[in-house]
Amino acid sequence: TMAQPKSPADREAYLLQSQAQLLEHHLDIQTRQSDGHSFSHCFIGHDAIAVIQKLKFANSDQEAVAYGNQLYAANLIEHVSQEHSFKNEDLLYQFTQHYHTHKIESSSSSQLTHHATASQRTPFYLIESDHETCSVPNNSDAITQISAFDSLTKLEYGIKWTQSPKTCVLIKKRNDKYLSHVLLEMATWLRQQKNITVYIESAVREKES
């Protein structure tokens, strides 16, 4: 079995393992035939695509294939003949021995759901503001992270979550005392008014406490 995670890498592996167990719970797994051979405990790659999206591990067929290959790279699933990576095709896959060895002990599907979704990011929309109007940019899809902004646009950006998250991380620019104060006010508001667990940098917390 897999122990409770401590490092970021362990937490990532723990999350992926719990998601794989939830996926296994929802897949149609049975003995199947391929090229005249019989393989037990199999699922079909094409069928898994819809299940992955139903469980909200991906938002499109393309993302579902990428997610399946994340499981493949983590040695949690494999093609029955080790001839293919994960594909949206009528190919047979099995959960690996590594997967079964590291199973997380959960007595119910609801516990697996809790483990598998505890670290999922809540999608949000970018909000543009020119100090007079506020709007969602055209053709903007819900996203889960921000990479960078073009400072030349002279627009301010905010975010609007599609649903209330359970946790969030607040990070500020270094050596800015004013922002430290604002960050702590924001953290207090999120915690008290929105019941969101907030994480801030320990150095900021220690300086302002």
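Among contacts between residues at least 6 apart in sequence, 55% join residues at least 24 apart. The model is predicted, and its chain contains seven helices and nine strands. Of the 209 residues, 30% are buried. The chain exposes about 14,100 Å², with carbon and sulfur atoms supplying 47% of that area.

The buried nonpolar residues can be taken next. The largest nonpolar core has 23 residues, and those with the most contacts inside it are Leu23, Leu27, Phe43, Ile52, Leu71, Phe86 and Phe95. Two or more residues of this core come from each of α1 (8–26), α2 (45–54), α3 (61–73) and β4 (92–95). A second, separate core has seven residues, including Cys168, Leu170, Leu183 and Leu190. Back in the largest core, Leu71 is one of the residues with the most contacts. Leaving aside residues up to four places away in sequence, Leu71 touches Leu16, Ala20, Leu23, Leu76 and Ile77.

Ile77 also leads to the sheet, where this residue stands opposite Phe95 in β4. The sheet is open and has four strands in the order β1-β2-β4-β3, paired antiparallel. β1 (30–34) and β3 (77–79) are at the edges with a single partner strand each, so one side of each has no neighbour in the sheet. From one strand to the next, the twist averages 55°. The antiparallel pairing of β3 with β4 runs over three bridges. α2 packs on this sheet, where it touches β2 (37–44) and β4, and the direction of α2 makes about 20° with that of β2. Both α2 and β4 are also among the elements that give two or more residues to the largest core.

Definitions and conventions. Residues are numbered from 1 along each chain as its sequence is written. This is a predicted model: local features need pLDDT of at least 70, side-chain atom pairs count only at pLDDT 80 or more; totals for chains, interfaces and linings use all residues. Side-chain values use heavy atoms; hydrogens and water are left out. Buried means under 20% relative accessible area, exposed over 50%, partly exposed in between (1.4 Å probe, protein chains only). Contact means heavy atoms within 4.5 Å. Accessible areas come from the Shrake-Rupley method with a 1.4 Å probe; for residues, only the protein chains shown count as cover. A nonpolar core is a set of buried Ala, Val, Leu, Ile, Met, Phe, Trp, Tyr and Cys residues joined through side-chain atoms within 4.5 Å. Two strands pair if DSSP finds at least two bridges between them. Axes are lines fitted to C-alpha atoms, for helices over the stretch in contact, and angles run from 0 to 180 degrees between N-to-C directions.
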